[in-house]
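Visitor: I should like a close look at one enclosed part of this protein.

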Amino acid sequence: MHQLTVSLAICLTMLPSSVSAQSSVPSWCHALPRPEYKSLARVATSDPWFEVYKAASNVFAIYEPHQAEEVISYLIVGNKRALLFDTGMGISDIEKVTTELTNLPIIVLNSHTHDDHVGGNWEFSAIYGVDTDFTRKNALGSREDAQAEITPDQICGSLPHGFDAKAYAIRSWRITAYTHDGDRFDLGGRTIEVIATPGHTPDAISLIDRANGLLFTGDTYYPAPIWLFRPETNLDAYATSIRRLAALAPQVRLVLGAHNIPVASPTVLLRLVPAFDSVRAGKVSPIPESPGKVLYRVDDISFLMRATDTR
């Protein structure tokens with residue numbers, strides 16, 4: 001789960017007039033659409049909850065800009081099947097969107113199993129999970145976390161027509177097979193490899209498409225404060241994982257994170273490691289955030305961490 005604490009926002013011209021005229025529009029809404037999207041080709045789909053962009057050849061970024069997480073799921077299409085990396089909030093029908101993008105069979109992998117990345121899992125029949133107790137627990141679903149995602153300060157614009165806010169929950173889903181570090185998925189003319197990157201959560205993974213130079217980093221890296229404060233976070237594991245990703249930088253053309261903006265330069269991976277190391281070495285001053293949390297900024301990279309546990 002990643003409610004972002006920096007200035008995220010949607011320009012008011014994107015909102016329905018009934019919403020844009022209200023003073024209650026959350027502050028994070030005021031600066032979207034993000035300018036980086038101007039360089040990406042938008043793909044038309046029928047569901048206004050989502051915006052879909054072509055992030056690379058046969059890679060679709062399925063973006064949810066109307067909720068504060070600004071989560072991005074990725075549909076990676078081969079010649080024989082497609083892989084959906086995360087299924088978003090579960091607020092609207094991501095499965096329907098994928099059928100508008102491809103008629104191939106779809107397998108699902110999750111970058112990790114926080115609620116904002118597994119909300120649509122229940123709609124799919126082939127879901128690969130990481131073999132951890134954390135994954136199995138989250139596959140049972142949750143209501144409390146889901147309800148926290150749709151409070152007024154979390155929504156920009158309108159929820160989907162017919163959405164039942166009182167009933168909203170992350171529905172349970174079935175792990176049909178387990179995936180492990182180094183597993184390769186042949187999509188037909190395209191091979192996707194799993195890279196274990198625990199730290200943010202015990203079950204965090206990244207994906208690499210070596211032939212096309214694409215690295216999908218989930219919540220191990222995205223261009224906003226990276227959440228490293230939850231009980232399941234392990235800072236030592238995170239430090240190891242980002243070093244592993246940094247070593248891949250020479251092979252990577254694009255980094256595709258799970259929030260805010262779908263494309264970044266691989267050079268960010270090389271800067272991520274010293275930024276995190278400097279925080280843990282006590283060289284960066286903390287900025288108080290909500291109770292018990294502090295923000296560390298190193299140039300354009302930032303980490304939201306526990307105030308009592310940074311090293």
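Which residues line the largest cavity?

Guide: This is a predicted model, in which local features need pLDDT of at least 70 and side-chain atom pairs count only at pLDDT 80 or more, whereas totals for chains, interfaces and linings use all residues. Residues are numbered from 1 along each chain as its sequence is written, and side-chain values use heavy atoms, with hydrogens and water left out.

The lining of the largest cavity consists of N110, T113, Y128, G129, V130, T135, W173, D203 and I205. Here a cavity is a set of points, on a 1 Å grid over the protein atoms alone, where a 1.4 Å probe fits but cannot get out; lining residues have an atom within 4 Å of a point. Across the whole structure, the search yields 1 cavity of 30 Å³ or more. The largest cavity holds about 50 Å³ of space, the volume being that filled by probe spheres set on points joined across faces, edges and corners.

The greatest contribution to this lining comes from strand 7 (residues 127-130), with 3 residues. Strands are DSSP runs of E of at least two residues, and helices are runs of H or I of at least four, both numbered from the N terminus. Sorted by class, the lining of the largest cavity comprises 4 nonpolar, 4 polar and 1 charged residues; Ala, Val, Leu, Ile, Met, Phe, Trp, Tyr, Cys and Pro count as nonpolar, Asp, Glu, Lys and Arg as charged, and the others, Gly among them, as polar.

Elsewhere, C29 and C156 form a disulfide, with an S to S distance of 2.3 Å (cysteine sulfur atoms within 2.5 Å).

Terms used
1 Å grid on protein atoms, 1.4 Å probe; cavity = no way out; pocket = protein on both sides within 12 Å on 5 of 7 lines; lining within 4 Å.
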